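Here is a short report on side-chain contacts and exposure. Keep the sequence and the 3D view at hand while reading.

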Amino acid sequence: MANLSEDIQCVGSDTRPTMLDMTDFASWQQRIRLYCRDKENGVNILKSIDEGPFQVGTIRDTLAEGIEGAQQLGPKRARVYSDLSPEDKDRYNADIQATNILLQGLPKDIYTLINHYTCKGHMG
């Protein structure tokens, strides 16, 4: 008979997504999607999972107003969080939530492999 911890791990909870059962990916995927849908900003969380991370992009700052309203623009630079619109901030934040939800749903051995690969990739 399973103990309470195993039951929670199997079905998930309001505070933690269900753990991946590698023998039944389709069921896990469905439960993760339901878990995400129930979260605040759930539409954007699912959009991040389905479409990949939000692309922050670049911006050119206005340096001065020229003759007849023409703007003088500076060089392109990467946008930062404070440059984002409220809608873009929601999408950016959803990327972080989606990543955390998916990582929490992975068994420790798979998470360790992903974490090792990610860290190794950034160093070299």
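## Salt bridges and their setting

Arginine 77 is partly exposed, with 28% relative accessible area. The model is predicted. Arginine 77 pairs with aspartate 83 in a salt bridge, and their closest N and O atoms are 2.8 Å apart. Aspartate 83 is itself partly exposed, at 25% relative accessible area. This pair has company: Asp61, Arg77 and Asp83 are linked in a network of salt bridges.

How many salt bridges are there by the rule used? The count comes to five. The table lists three pairs, among them the one just described.

| Salt bridge | N to O distance |
|---|---|
| Arginine 77 and aspartate 83 | 2.8 Å |
| Arginine 33 and aspartate 50 | 2.9 Å |
| Arginine 91 and aspartate 95 | 4.0 Å |

Take aspartate 50 and arginine 33. The closest N and O atoms of this salt bridge lie 2.9 Å apart. Aspartate 50 sits in helix 3 and arginine 33 in helix 2, so the pair ties together parts 17 residues apart in sequence. Arginine 33 is partly exposed, with a relative accessible area of 25%.

Aspartate 95 and arginine 91 make another salt bridge, at 4.0 Å from N to O. Both belong to helix 4 and are four residues apart, so about one helical turn separates them. Are these two residues buried or exposed? Both aspartate 95 and arginine 91 are buried.

## Helix 2 and the loops beside it

The structure holds two aromatic pairs. One of them joins phenylalanine 25 and tryptophan 28. Their ring centres are 5.6 Å apart, with 40 degrees between the planes. The pair counts as tilted because that angle is neither under 30 degrees nor over 60. Phenylalanine 25 and tryptophan 28 are three residues apart in helix 2 (residues 25-37), so about one helical turn lies between them.

The two partners have unlike exposure values. Phenylalanine 25 is partly exposed, at 46% relative accessible area. Tryptophan 28 has 7% relative accessibility and counts as buried, because buried means under 20%.

Threonine 18 lies in the loop between helix 1 (4-11) and helix 2. Threonine 18 counts as buried, with 3% relative accessibility. The side chain of threonine 18 makes a polar contact of 3.2 Å with the side chain of arginine 31.

Where is asparagine 41? Asparagine 41 is in the loop between helix 2 and helix 3 (42-51). Its backbone deserves a look: asparagine 41 has a positive phi of about 70 degrees, although it is not a glycine. Asparagine 41 is partly exposed, at 23% relative accessible area.

## A nonpolar surface patch

Which residues form a nonpolar patch on the surface? They are Tyr81, Tyr92 and Ile96. Together they have about 270 Å² of accessible area. Isoleucine 96 is found in helix 4 (residues 86-104). At 43% relative accessibility, isoleucine 96 counts as partly exposed. That value passes the patch cut-off, because patch residues need over 30% relative accessible area.

## Helix 4 in brief

Helix 4 carries both kinds of feature described above. Isoleucine 96 of helix 4 is part of the nonpolar patch with Tyr81 and Tyr92. Aspartate 95 and arginine 91, also in helix 4, meet in a salt bridge. Isoleucine 96 is partly exposed, whereas aspartate 95 and arginine 91 are buried.

Technical notes
Residues are numbered from 1 along each chain as its sequence is written. This is a predicted model: local features need pLDDT of at least 70, side-chain atom pairs count only at pLDDT 80 or more; totals for chains, interfaces and linings use all residues. Side-chain values use heavy atoms; hydrogens and water are left out. Patches are made of residues with over 30% relative accessible area and no salt bridge: like charges are joined within 9 Å, nonpolar side chains (Val, Leu, Ile, Met, Phe, Trp, Tyr) within 5 Å. Accessible areas come from the Shrake-Rupley method with a 1.4 Å probe; for residues, only the protein chains shown count as cover. A salt bridge is a side-chain nitrogen of Lys or Arg within 4 Å of a carboxyl oxygen of Asp or Glu. Helices (H or I, at least four residues) and strands (E, at least two) are DSSP runs, numbered from the N terminus. Buried means under 20% relative accessible area, exposed over 50%, partly exposed in between (1.4 Å probe, protein chains only). Rings of Phe, Tyr and Trp (its six-membered ring) pair if their centres lie within 6.5 Å; planes under 30 degrees apart count as stacked, over 60 as edge-to-face and the rest as tilted. A polar contact is a pair of N or O atoms within 3.5 Å; within protein, one must be able to donate a hydrogen and the other to accept it, and residues adjacent in sequence count only if both atoms are side-chain atoms.
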